[in-house]
Amino acid sequence: MKKPLYGLTALFDTPDALMHAVEETAKAGYTRYDVHAPYPLHGMDRAMRLKPSPLGYFALVFGLLGAVSAVGLMTWITLVDYPLVIGGKPFWSWPAFVPVAFEITVLLASVLTVVSMIVIYFKFPNNSHPLHDTPFLKRVSSDGFGISIEAVDPLFDEARVRGMLESVGGKDVGPVYFDVEDLNHGQKVFDLKFVGLLAGVGMVVSIITYLGLNVMLYMEPFSWMMEQEKLKPQAASALFSDGIGMRPPVEGTVARGFLPYPYKGRPEDAGKYLVNPLPVTKPVLDLGREKYMTFCSPCHGNFGRGDSRLAGQFPNPPTLHSDKVRDWPDGSIYHVMTDGQNVMPSYAAQVSRDERWAIVHYIRVLQRAHHAKESDLQ
Ligand code: HEC
């Protein structure tokens, strides 16, 4: 079976001779031809009358894609997924996005443009081509300058093309034929062999990376932050002679946010000197009510009448509506919560300072409600 003709090739000795031949070829109206030289020749694209490459549009689209996805991701992270106050700046602080957006734009524009050029135009991973392994291509890869005109050119006529190439000084003018392989010159990205190769490479790289980072270069705590030397609450520790991991504060020190209580065991002084620092506002009363219902109502009852839900299981607390407690200054109620009183334990560890003062305000509300005066009803 006769192999189909791919085209005619011709060799030239100098770039100038090639350039002249190309000008003549373009002038004659041929469009399906290519030029081969060991190095780029200035002015060749103009001589070939090439149109500007469409690859620029790929770069534009991929670049925009990069910019939009970078800004989009950062917007989602900073506004939706994990808003963090950084240096008091607004969440959507665009100047901080510029470097990242720039980098991703350049990254996608360059990498994806090259990839699509190779895959779409060069039909990677299919690399068969009729010119491969011909003496012609060997020459133009080292010291020859050549031109090839394809048989699919509408003006192609073997005798005419041969005459034209010889008239402009072409040497070794000869035909190139298709191979079976070349005839199947199609897209092979989804070829099973190629996909398998990609998967194999991916697997090998993953295994090497995993072993490299987790075995050879393993570093605590950089590799896995979860695994590091640290003491969990309640856990034992060999560091201390008593084996207890959780330590009380060092003697004579004060932990941040925990002011020592100066009226320990001195309820009279607490009543005399302590003043409720909180204003009587709706948010404060709401807070006081919430904390009272959580921490006090189980014993003192929802309204402070001493009718607790735990009646019988614990010494019944007295009512908070007695003349005694009503006449107490705020500081005395605060003191009972902070220091405890007889069988009632201290609630300083469970209820913060401000919450205790809010509870005092709320108890005052309960007391007034129980002893409403004529004037309260107007
Ligand atoms: C575990 C049950 C219990 C809880 C919870 C509790 N108390 Fe008491 N409370 C008592 C008992 C019992 C007394 C009486 C103590 C005594 O014998 O002096 C008391 C006494 C008091 C007194 C003094 C009353 C008086 O007439 O001497 C005040 C004020 C008080 N509690 C407020 C509170 C507040 C506010 C809370 C919430 C932070 C609270 N208690 C939580 C059981 C409790």
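Me: Which residue of β3 is the bridge partner of Leu 11?
Reply: In this predicted model, Leu 11 is matched with Gly 146 of β3. Elsewhere in β3, Ile 149 is the bridge partner of Leu 8.

Me: What makes β1 and β3 count as paired strands?
Reply: Pairing needs at least two bridges. Six bridges join β1 to β3, so these two strands pair. They run antiparallel.

Me: How do you know that β1 also pairs with β4?
Reply: We can use the cut-off of at least two bridges again. Five bridges join β1 to β4, which covers residues 171-177, so this is a pair as well. These strands run antiparallel too, and Leu 5 has Tyr 177 in β4 as its bridge partner.

Me: How many bridges does β2 form with β3, and in which sense do they pair?
Reply: There are four bridges between β2 (residues 33-36) and β3, and the sense is antiparallel. Tyr 33 has Ile 149 as its bridge partner in β3. Ile 149 is the partner of Leu 8 as well.

Me: Why is β1 called largely enclosed?
Reply: Because seven of its eight residues are buried, β1 is largely enclosed by the rest of the structure. β3 is mostly covered too, with five of its six residues buried.

Me: Why is Leu 165 called buried?
Reply: Let's count. Leu 165 has 25 other C-beta atoms within 10 Å. A residue needs 20 or more to be buried, so Leu 165 passes. You can find Leu 165 in helix α6.

Me: Which residues is Leu 165 in contact with, leaving aside its neighbours within four places in sequence?
Reply: Those contacts are Leu 8, Ala 10, Gly 170 and Val 173. Two of these positions take us back to a strand you have met: β1 spans residues 5-12. Phe 122 makes another nice comparison: it is 43 residues from Leu 165 along the chain, and their C-alpha atoms are separated by 27 Å.

Me: Why is Arg 49 called exposed?
Reply: Arg 49 has 12 C-beta neighbours inside 10 Å. A residue is exposed with 12 or fewer, so Arg 49 sits right at the limit and counts as exposed. Arg 49 is in the loop between α2 (44-47) and α3 (55-81). Its phi, near 55°, is positive even though the residue is not a glycine.

Me: How do you know whether Asn 342 is buried or exposed?
Reply: With 7 C-beta neighbours inside 10 Å and a limit of 12 or fewer, Asn 342 is exposed. Asn 342 belongs to the loop between α12 and α13 (353-370), and its phi is positive, about 50°.

Me: Which residues are closest to the ligand?
Reply: Asn 342 turns up again here, together with Cys 296, Cys 299, Pro 317 and Met 344. In total, 23 residues surround the ligand. The elements that give two or more residues to this shell are α10 (282-300), α11 (323-327) and α12 (330-339). Of these, α10 gives the most, with five residues.

Me: What makes up the shell around the ligand, by class?
Reply: The shell has 18 nonpolar residues, four polar residues and one charged residue.

Me: Which residues have the most contacts inside the largest nonpolar core?
Reply: They are Leu 18, Val 22 and Ile 147, in a core of 19 residues. Elements that give two or more residues to this core include β1 (5-12), α1 (15-27) and β3 (145-150). A second, separate core has 17 residues, among them Ala 270, Leu 274, Met 337 and Tyr 362. In general, nonpolar side chains tend to be buried together in soluble globular proteins.

Me: What is Val 22 in contact with, beyond its neighbours within four places in sequence?
Reply: Val 22 is in contact with Val 35, Met 44, Ala 47, Met 48 and Ile 147.

Me: Where is the cis peptide bond?
Reply: This bond joins Phe 124 and Pro 125, with omega about 5°. Pro 125 lies in the loop between α4 (97-121) and α5.

Me: What domains is the chain divided into?
Reply: The division gives domain 1 (5-183), domain 2 (190-229) and domain 3 (267-377). The C-alpha centres of domain 1 and domain 2 are 34 Å apart.

Note on methods. Residues numbered from 1 in each chain as written. Predicted model: local features only at pLDDT ≥ 70, side-chain atom pairs only at ≥ 80, totals over all residues. Near = placed C-beta within 6 Å. Nonpolar A, V, L, I, M, F, W, Y, C, P; charged D, E, K, R; others polar. Domains from an automatic or database assignment. Core = buried A, V, L, I, M, F, W, Y, C linked by C-beta atoms within 7 Å. Contact = placed C-beta atoms within 7 Å.
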